[in-house]
Amino acid sequence: MDRDSLLSKLLSSFEHYYTIEKENPTPPFNAEAEFSAHGEQYMLVKIAKIADMDSKDYAYFKIEDNLSLERLQELSQIAWNSGIAKVVPYNGHRNSDVTLVVLADTVSPDLVKQIKKIKFYKSYKFSFWGWSHFRLVVKEISSNKVYFNRFGSDLKKVLINI
């Protein structure tokens, strides 16, 4: 399976919950997606609202030939800055996460151990107004191996099944 068909299959698995943008994604990415969820808690009647909770996820997708550590750090920084710029924290904001998915033909050997160390975190008003985490997943197409950081582990099954 070639890289473009792999990306389209990955995006089709995301489109059930995410809004996909393929036409004008943030450069240098091939596509981006946005997820939004809203929840409320109330006591007995809706007028007695206890809490408002909003969760968002901004996902960025990139295809690379040979992925190096420098290039991955650059892509991670661009994705993080672009995602954080979209966050609007307030007292009902729970979390806004940023996800980077990279599909690479080959991954440099020094990169494999460093992927787990790439992390970003931001809290808003000491976490009273929510937080943001960075999720990273890299799929090496030639060996069909998936590498991820701590928060990207939940996407491992999605990329292995594709």
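The legends below describe several close-up views of one predicted model.

**View 1. The whole chain, with its helices and strands.** The chain holds 4 helices and 7 strands, and, when these are read along the sequence, they follow the pattern α-β-β-β-α-β-α-β-β-β-α. The C-alpha atoms fill a box of roughly 55 × 30 × 30 Å, taken along the principal axes. Of the 162 residues in the chain, 43% are buried, while the area that the chain exposes comes to about 9300 Å², with carbon and sulfur atoms supplying 53% of it. If one considers the contacts between residues at least 6 apart in sequence, 63% of them join residues at least 24 apart.

**View 2. A nonpolar patch on the surface around Leu 44.** Met 43, Leu 44, Val 45, Ile 47 and Ile 50 together make a nonpolar surface patch of about 630 Å². Leu 44 belongs to the loop that runs between strand 2 (31-42) and strand 3 (49-67), and its relative accessible area of 83% means that Leu 44 is exposed.

**View 3. Asp 97, a buried acidic residue in strand 4.** Asp 97 is found in strand 4, which covers residues 93-107. Asp 97 is buried yet has no salt bridge, and the nearest side chain of opposite charge, that of Arg 135, is 5.1 Å away; this distance does not qualify because a salt bridge requires the nitrogen and oxygen atoms to be within 4 Å. The side chain of Asp 97 does, however, make a polar contact of 3.0 Å with the side chain of Asn 95. Leaving aside residues up to four places away in sequence, Asp 97 touches Lys 56, Asp 57, Tyr 58, Ser 132 and His 133.

**View 4. His 93 and its surroundings.** His 93 is also found in strand 4, and with a relative accessible area of 7% this residue is buried. The side chains of His 93 and Ser 96 are joined by a polar contact of 2.7 Å. When residues up to four places away in sequence are not counted, the residues that His 93 touches include Asp 54, Tyr 124, Trp 129 and Trp 131.

**View 5. The salt bridge between Arg 3 and Asp 65.** The structure holds 8 salt bridges, and in one of them the side chains of Arg 3 and Asp 65 meet at 2.3 Å, N to O. Arg 3 lies in helix 1 (residues 3-14) and Asp 65 in strand 3, so the pair ties together parts that are 62 residues apart in sequence. Arg 3 counts as partly exposed at 27% relative accessibility, and Asp 65 is partly exposed too, at 48%.

**View 6. The salt bridge between Lys 86 and Glu 32.** Lys 86 forms a salt bridge with Glu 32, in which the closest N and O atoms are 2.9 Å apart. Because Lys 86 lies in the loop between helix 2 (69-85) and strand 4, and Glu 32 in strand 2, the pair ties together parts that are 54 residues apart in sequence. Lys 86 is partly exposed, with a relative accessible area of 31%, whereas Glu 32 is buried at 10%.

**View 7. The salt bridge between Asp 154 and Arg 135.** Asp 154 and Arg 135 form a salt bridge whose closest N and O atoms are 2.7 Å apart. Asp 154 lies in the loop between strand 7 (145-148) and helix 4 (156-161) and Arg 135 in strand 6 (residues 131-140), so the pair ties together parts that are 19 residues apart in sequence. Asp 154 counts as partly exposed at 49% relative accessibility, while Arg 135 counts as buried at 10%.

Methods:
Residues are numbered from 1 along each chain as its sequence is written. This is a predicted model: local features need pLDDT of at least 70, side-chain atom pairs count only at pLDDT 80 or more; totals for chains, interfaces and linings use all residues. Side-chain values use heavy atoms; hydrogens and water are left out. Patches are made of residues with over 30% relative accessible area and no salt bridge: like charges are joined within 9 Å, nonpolar side chains (Val, Leu, Ile, Met, Phe, Trp, Tyr) within 5 Å. Accessible areas come from the Shrake-Rupley method with a 1.4 Å probe; for residues, only the protein chains shown count as cover. Helices (H or I, at least four residues) and strands (E, at least two) are DSSP runs, numbered from the N terminus. Buried means under 20% relative accessible area, exposed over 50%, partly exposed in between (1.4 Å probe, protein chains only). Lys and Arg count as positive and Asp and Glu as negative; His and the chain ends are not counted. A polar contact is a pair of N or O atoms within 3.5 Å; within protein, one must be able to donate a hydrogen and the other to accept it, and residues adjacent in sequence count only if both atoms are side-chain atoms. Contact means heavy atoms within 4.5 Å.
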